[in-house]
Structures are given as C-alpha cells and as structure tokens.
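Welcome to the tour. Please open the model in your viewer and keep the selection tool at hand.

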Amino acid sequence: MNDQLHLPAMHSIPDLNIPSARPLLIAFTLLILSSCATSNFSPNTPTRMASDVPDHFLVCTHANNSTCEPKPDEGCRNPMIDPLDGTKLELVRSNGEYGDYKVPDNRYGVERKELLRLECSTGRVVGIVQR
C-alpha cells in the first residue's frame, strides 16, 4: 500500500489586472477629510454686529443652575446665560478661544442660519456668524 499523499497539481492564479486599491483609498480619504473641513470652526469667519446683548454672558453651572464668570483656563462652556434676562445659549462649535452659540429665535439680531460668537475666556460677544 502506498502511504504517500497525492495532492492535485497547483495552478497559478491568473493575473486579473485589478488596478491598485491605493488611488481609490486616497480618493476616499480626501473625500472624508474634505467633508469634515466644511464643518470646521474658523476664527476668521466674517461677523456682523449683534444687538441688545449684555456686556458679557455668564457660565451656567449644572449643579444648581447658578451662574459664574467665565475663566480663561476653562475653554468654551455650555450653556452660557444672559445675566439680564436668563436667556440660555447652546454651544454648537468652538476652537477653545471662541465659541459659536445657538440662540432662541430672533434674539440679539441672530437669524435662523446664524450663530452668536463669544470670546470664551470673557463671555463677550464677538459678533454674528453663519451656521
């Protein structure tokens, strides 16, 4: 009896001329990065003047809804409060130095597709920017 194992002959896999996936991967990566770039925060975005704003906004503490002054080392806080009437601003985006906040309809001259930009360390209004 023959104890040798017989395997079928191995044939080479034909070259299918599949293009390299690298250019496709690069294109896909660029597409993803460019879609992110459109939503990035830009501190150089043109602004226009806001109206009827306080000297500066305060930080709302979540523990008991009290307020405190913004501090330079805390970045952009959420929410911010109008000390004159208690209006809450919701942080939408920031870069640490400036924050863009959603405000209630028709407040401070901000229209539907706009945000109110604050300087985070002081709570002072920079202006109105596009969403």
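Leaving aside its neighbours within four places in sequence, which residues is histidine 56 in contact with? Select Glu69, Pro70, Pro83, Thr122, Gly123 and Arg124 to see them; contact here means heavy atoms within 4.5 Å.

Before going further, note that this is a predicted model, in which local features need pLDDT of at least 70 and side-chain atom pairs count only at pLDDT 80 or more, while totals for chains, interfaces and linings use all residues. Residues are numbered from 1 along each chain as its sequence is written, and side-chain values use heavy atoms, with hydrogens and water left out.

**Stop 1: histidine 56**

Stay on histidine 56, in the loop between α1 and β1. Helices (H or I, at least four residues) and strands (E, at least two) are DSSP runs, numbered from the N terminus. With a relative accessible area of 18%, histidine 56 is buried; buried means under 20% relative accessible area, exposed over 50%, and partly exposed in between (1.4 Å probe, protein chains only).

Now show side chains. The side chain of histidine 56 has a polar contact of 2.7 Å with that of glutamate 69, and another of 3.2 Å with that of aspartate 55. A polar contact is a pair of N or O atoms within 3.5 Å; within protein, one must be able to donate a hydrogen and the other to accept it, and residues adjacent in sequence count only if both atoms are side-chain atoms. Add aspartate 82 as well: its C-alpha is 7.7 Å from that of histidine 56, though the two are 26 residues apart in sequence.

**Stop 2: an aromatic pair**

Next, select phenylalanine 57 and tyrosine 108. The count of aromatic pairs comes to one. Here the two rings meet edge-to-face, 5.6 Å centre to centre with 85° between the planes. Rings of Phe, Tyr and Trp (its six-membered ring) pair if their centres lie within 6.5 Å; planes under 30 degrees apart count as stacked, over 60 as edge-to-face and the rest as tilted. Phenylalanine 57 is in the loop between α1 (22-37) and β1 (58-60), and tyrosine 108 in the loop between β5 (98-102) and β6 (114-119), 51 residues apart. Both residues are buried.

Add arginine 107 to the view: its charged end sits over the ring of tyrosine 108, 4.6 Å from the ring centre. That wording requires NZ of Lys or CZ of Arg within 6 Å of the ring centre and within 35 degrees of the ring normal.

**Stop 3: aspartate 100**

Move to strand β5 and pick aspartate 100. Is aspartate 100 buried or exposed? Its relative accessible area is 0%, so aspartate 100 is buried. Its side chain makes polar contacts with the side chains of arginine 93, at 2.7 Å, and arginine 117, at 2.6 Å.

**Stop 4: the cysteines**

Finally, select the cysteines. The whole structure holds one disulfide, a disulfide being a pair of cysteine sulfur atoms within 2.5 Å. It joins cysteine 76 to cysteine 120, S to S 1.7 Å, and is right-handed, with 75° about the S-S bond. Cysteine 76 lies in the loop between β2 (67-68) and β3 (80-81) and cysteine 120 in the loop between β6 and β7 (125-130), so the link ties together parts 44 residues apart in sequence.

Why is cysteine 68 not bonded to cysteine 60? Their sulfurs are 8.7 Å apart, too far for a bond. Cysteine 60 is buried at 3% relative accessibility, whereas cysteine 68 is partly exposed at 25%.
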